Every structure is written in C-alpha cells, then in structure tokens.
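Hi,

Here is the structure I said I would pass on. Have a look at it first, and then my notes on what turned up are below.

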Amino acid sequence: MTATTTLPRPPALWLRDNCPCADCRDPRSGQKLFQITDLPAALAVGSARESVTALGEPAHEVVWAPDGHRSLYPLAWLDAHAPGAGGSHPGDGRTEADKETWAAADLAGRLPEADWAAYDTDDAVRAHALESVQRLGFVLLRGVPPRDRQVLTVARTFGHVRETNYGELFEVRVEAEPNNLAFTGARITPHTDNPYRDPVPTLQLLHCLANEARGGDSGLVDGFHAAALLRAEDPDAFDVLTRVPAEFAFADARTELRAQRTLIETDSLGRIREVRFNNRSLATLHQPADLLDAFYRAYRTFAALLLRPELRLDFRLTPGDCLVFDNTRLLHARTAFSEAGARHLQGAYADLDGLASTLAVLRRAGGAR
Ligand code: OGA
Ligand code: ZN
Ligand code: ZN
C-alpha cells in the first residue's frame, strides 16, 4: 500500500467529518450537510477494507459503528491530508514557517519584479508575482501606466480594494493641511500602515506617478526577519512584544480610530505571524507600571534593530512603478524630500486572503510555474 499505512491512525471523528459521500456533502458546493453533534458520540470504525472509488481510484472503505454509515476515502486524499502528512505542524501560509525572510543583501540584484504588460496578460507572470508577495513580502510592478486611479486597477487584478477613512485610494503628496505626516516632505521611518485599524489592511499598494523631488527614496524592511533577530538576541524583549498589547490611534476631523494589539503576533506554536510598528500613531498605553517599563525597553530595542542599515532595502520609485506589499510583515519608509519638487504616489489597500485566493485559482488553471 502507500504511505497511509505508516501515518498515525486518524481519529474517528476527524475521519468521519471528512466523509465525501453525497449524504454528508452537497455534491454541488462540497459544503457539509450535517452538524458535528449529529455524529454518534461513541463513533468508531466498525470495519475497514481496501476498495475503489466510482472513478476507479484506490480507496479505503470504512463502515462506521454504531450507525452503519459507509465512507469511501481515496488513498490520494488520505496521503495528502491524514495526520502527519505534510509535516507535523503545517502552517497556514502566513507565518515565518512559510516565508523566505531577508536582509537587504539577500535581495541584491534579484528584486522580485514584473513588467505590467506581461503581468496583465500572462497568468504565469501574474502567479509568479503574487507568489513573491507571499514568499518575500512584496513585488515591484514596473511600467504600470502612471495614470490617476490606476492603482485601483492593479489591486483588482488580485482582490478587492479595502476602502478606508483615507478613501478608496490615498494621495501621497504634499498637502496644505496634512492629517498625516506622510502628506508632507518629512522623512518617514520604517512602519506598517493603519495599525490603528483592527483588522488591519493586510496588503498595501504604492503607485508612483511622479518623483522629481530631491530625496523621497523608498525603503523596505522585512519585519519577520527583524522579529526573528530580536528573538535570537533578546528573547525577553521578543516575549514582551508578543504579550503586552500596544495601543495605536488616529484622529482627524472625521475619524477616530483605535486598536490594541501587540507589536509582534505569534501563532499558537510561537511562530511570527504579524508585525505592526508605527512610531507616529503609537498612542498612550494603559498598563501597570511594570509592564509599561518592560514594554518600553523592548519597544526601544526592536526600534533600534529595525533601523539597522543592513536590514533596509533601499531603492527609488520612478513613475510607473507600483509596489505591492504585505502590510502585516514588511515595514516601508521613505527619505525626506524637498517640497519644491513634484512627488506624487497613489496608494490603496487590499488583503492577503484575496491575493491567496487569486493565486490558488491561477494555479488550478495551470498558470503557476
Ligand atoms: C504612506 C507612506 C511612503 C512614501 O503614505 O503611508 O509610507 O514613499 N508613504 O511616501
Ligand atoms: Zn458520508
Ligand atoms: Zn506608510
């Protein structure tokens, strides 16, 4: 037989919950037709034997006790999904376990980029670009027409635009009455956007329409790499930042947003899953004094680490460039620029789940490499 024999015996309720028969799942949608409470509490395998499916694939047949229900599990399905298949603790695609983390030198000469015309017409190019966002945290699309609202067209190639208080898109240019330092010529240190929203927009796009100012260069830092360095160099600081929630806030004439989340979020196994960091919008924290003391020491240590030059990938956006990046992982930055020169980006938000869905469907169609 196949590898299924060496895998641990699947728990009865798990196996029965996955019965593919037409009484258990609607054949049109694949959705379950029963409640978990409909299954016998004392469910057990009554008998089992090798069999074949209606399509002739080798399968495992189980007749259940005490209700006599019959289930047929293709061996290929068992090999792919039974406990122990695919490693002991598979990730959900969002944690460090499924990423290629990087420092600037790791990407020297191999920036993940794609030409817009090819991306727009060739599914394989699109799949490769979206896969870069998942694996490295970003892709740089080149040759995107530097037109008003084009950033929304880019977002709609892989998902839905997440409208926020800044609108469907936001203008990054010098404003007379800025409600955010981004809309001045000031230097902006590495940060994630909108940490005061919960849920946070998980993807960000920045499309360059003009960049003629002196300064205004871009930077990206891999927050997962930085958080892993913190864990290695100062485990206590890492631990504090995964446990003590920070508070972020944003307010202007029409908006008052607030969120309480940790700077580093881990999954149940302690793997880094989200980073949020924004010195501009960190609000007054409300915690007991000893926790505030521990938080501020750890925050300062992490902030210093995030500013290490070797972590920061520096480049300059030119008109037609559109950066698409994971706002739960990468921090973005820009150098100060002279407000006299024209610099204009249009930004938008979208979400990683939609991008993952688009990529999965492209792969289904054979578009991925
Ligand atoms: C922003 C921002 C970067 C830039 O608008 O959130 O970080 O390059 N802008 O102007
Ligand atoms: Zn069934
Ligand atoms: Zn920003």
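Start with T53, which touches A59, L72 and P74 once its neighbours within four places in sequence are set aside. Keep in mind that this is a predicted model. T53 sits in the loop between β1 and β2. Its relative accessible area is 13%, so T53 counts as buried, the cut-off being under 20%.

The strands around that loop belong to an open sheet of 3 strands, ordered β1-β2-β3, with antiparallel pairing. β1 (44-52) and β3 (70-74) are the edge strands; each has a single partner strand, so one side of each has no neighbour in the sheet. From one strand to the next, the twist averages 25°. If you want to trace the pairing by eye, β1 and β2 (residues 58-65) run antiparallel and are joined by 8 bridges. A48 is a handy place to begin, since its bridge partner in β2 is V62.

Just along from there is a backbone oddity. The peptide bond joining A65 and P66 is cis, with omega about 5°, and P66 lies in the loop between β2 and β3. There is another cis bond from D198 to P199, where omega is near 5°. P199 is in the loop between β7 (188-191) and β8 (203-211).

That β7-β8 loop also holds N194, which has a positive phi of about 55° despite not being a glycine. N194 is buried, at 2% relative accessibility. R149 is another non-glycine residue with a positive phi, about 70° here. You will find R149 in the loop between β5 (138-142) and α5 (150-155). With a relative accessible area of 40%, R149 is partly exposed. For context, most residues other than glycine have a negative phi, and most peptide bonds are trans.

Now to the helices. Which residues of α7 (residues 235-243) are buried? They are A237, F238, V240, L241 and T242. These buried residues pack against α6, β12 (264-266), β13 and α8.

Take α7 with α8 to begin with. Their axes come within 9 Å and cross at roughly 110°, which makes α7 roughly perpendicular to α8. The crossing of α7 past α8 is left-handed. On the α7 side the contact uses A237, V240 and L241, and on the α8 side A294, F295, A298, Y299 and F302. Sorted by type, the residues in this contact are 8 nonpolar, no polar and no charged.

α6 (residues 223-233) meets α8 (residues 289-306) too. Here the axes come within 10 Å and cross at roughly 125°, so α6 is oblique to α8. α6 passes α8 in a right-handed crossing. From α6 the contact takes in G223, A226, A227, L229, L230 and E233, and from α8 it takes in T301, F302, L305 and L306. This contact divides into 7 nonpolar, 2 polar and 1 charged residue. It is worth finding F302 on your screen, as that residue of α8 is listed in the contact with α7 and also in the contact with α6.

One more residue to look up is R273, in strand β13 (residues 272-275). How far apart are R273 and D92 in sequence and in space? They are separated by 181 residues in sequence, and their C-alpha atoms are 9.6 Å apart. R273 is in contact with D92, and beyond its neighbours within four places it also touches R94, T95, F224, E265, T266, D267 and T328. R273 counts as partly exposed, at 21% relative accessibility.

Finally, the chain as a whole. It has 9 helices and 17 strands, and its C-alpha atoms fill a box of roughly 80 × 55 × 40 Å along the principal axes. Of the 369 residues, 48% count as buried. Among contacts between residues at least 6 apart in sequence, 74% join residues at least 24 apart.

Best wishes

Note on methods: Residues numbered from 1 in each chain as written. Chains lettered and ligands numbered in written order. Predicted model: local features only at pLDDT ≥ 70, side-chain atom pairs only at ≥ 80, totals over all residues. Heavy atoms only, no water. Axes fitted to C-alpha atoms, helices over the stretch in contact; angles between N-to-C directions. Helix = DSSP H or I, 4+ residues; strand = E, 2+ residues; numbered from the N terminus. Parallel < 35°, antiparallel > 145°, perpendicular 65-115°, else oblique. Left-handed = near helix turned anticlockwise from the far one by under 90°. Contact = heavy atoms within 4.5 Å. Nonpolar A, V, L, I, M, F, W, Y, C, P; charged D, E, K, R; others polar. Pairing = 2+ DSSP bridges. Buried < 20%, exposed > 50% of the residue type's maximum accessible area, 1.4 Å probe, protein only.
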